[in-house]
Amino acid sequence: MTSIAQRLQAVRARLAAAAAAAGRAPDEIALLAVSKTWPADAVREAAAAGQRAFGENYVQEGVAKAEALRGLGLEWHFIGPLQSNKTRAVAGTFDWVHSIDRLKIAERLSAQRDVHRPPLNVCIQVNVSGEASKSGVSPDELDALAHAVAVLPRLRLRGLMCIPEPSEDPALLRARFALLRARLVGLGGQGLALDTLSMGMSHDIEPAVAEGATIVRVGTAIFGGRPALAASESA
Ligand SMILES: *Cc1c(COP(=O)(O)O)cnc(C)c1O
């Protein structure tokens with residue numbers, strides 16, 4: 001059986017190869033281990049193999065794991081859809097939120113972030129696939145949302161995130177990732193200094209790194225195929 005440590009090593013090797021192929025330094029790209037649906041023990045195993053940053057999609061599950069593993073000094077990223085009645089728990093537990101797609105959520109996170117903690121790092125999720133994907137702000141509305149989020153006092157807008165539609169076509173995936181990169185550059189030209197492109201998952205690390213990803217979010221390739229979701233957490 002392949003262990004989490006072995007799979008982590010294989011993913012790091014894939015990342016290094018993708019960076020080399022793109023003429024980039026491997027340390028420009030951070031690996032976020034997506035531990036959703038996996039128990040705290042799996043996170044502990046990955047942490048023992050040197051992994052520090054973990055991504056969660058479901059609020060209660062993520063908060064429980066972060067609490068259970070508090071002593072390990074891990075970094076927690078919220079990457080799932082976020083409803084306004086859950087923002088307080090997210091602002092209290094997580095270090096990053098990748099999935100901002102409307103101002104109301106960002107305003108609540110800013111208001112609820114403890115003033116004694118560092119600002120919450122956030123990315124705006126952009127719907128780069130048009131009709132094919134439901135999550136994320138539409139590209140038309142991105143610039144206005146970015147400027148509004150950037151001035152919120154307890155948030156630090158770091159960049160953009162996307163999840164392209166599932167595809168086996170590397171050229172299509174690259175075009176989606178290239179769009180996200182172009183929009184980050186465009187916001188830079190409008191005076192927003194952003195440094196993060198959160199893009200690329202287990203099946204599309206390579207095209208994402210080729211187009212400038214600075215954080216790749218990898219679950220299956222590290223932890224294995226996910227167990228079925230509990231019904232109560234899938235909403
Ligand atoms: C589940 C998930 C991932 C990881 O996907 P894998 O295909 O398991 O690597 C990355 N990002 C988001 C937003 C996810 O929900």
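These are my notebook entries on a predicted model of a protein with its ligand.

Overall fold. I began with the secondary structure and counted 9 helices and 8 strands in the protein. I then looked up the extent along the principal axes, where the C-alpha atoms fill a box of roughly 50 × 40 × 35 Å. For the radius of gyration I found 17 Å, which agrees with the value near 18 Å that a compact globule of 235 residues would have.

Ligand site. I next asked where the ligand sits, and found that the space it takes is the largest pocket. Around the ligand I listed Val 34, Lys 36, Asn 57, Ile 79, Ile 163, Met 201, Ser 202, Arg 217, Val 218, Gly 219, Thr 220 and Arg 226. Sorting the residues of this shell by character, I noted 5 nonpolar, 4 polar and 3 charged.

Polar contacts. I looked up the distances from side chains to the ligand, and noted that a polar side-chain atom of Ser 202 lies 2.5 Å from a ligand oxygen atom, while a polar side-chain atom of Asn 57 lies 2.7 Å from an oxygen atom of the ligand. For Arg 217, I recorded an N or O atom of the side chain at 2.9 Å from a nitrogen atom of the ligand. Turning to accessible area, I noted that the ligand taken alone exposes 390 Å², of which the protein buries 92%.

How values were computed
Residues numbered from 1 in each chain as written. Predicted model: local features only at pLDDT ≥ 70, side-chain atom pairs only at ≥ 80, totals over all residues. Heavy atoms only, no water. Near = heavy atom within 4 Å. Polar contact = N/O pair within 3.5 Å; in protein donor to acceptor, adjacent residues only side chain to side chain. Areas by Shrake-Rupley, 256 points an atom, 1.4 Å probe, with all protein chains shown as cover. 1 Å grid on protein atoms, 1.4 Å probe; cavity = no way out; pocket = protein on both sides within 12 Å on 5 of 7 lines; lining within 4 Å. Sits in = over half its atoms within 2 Å of the grid points. Nonpolar A, V, L, I, M, F, W, Y, C, P; charged D, E, K, R; others polar. Helix = DSSP H or I, 4+ residues; strand = E, 2+ residues; numbered from the N terminus. Rg over C-alpha atoms; globule rule 2.2 N^0.38 Å.
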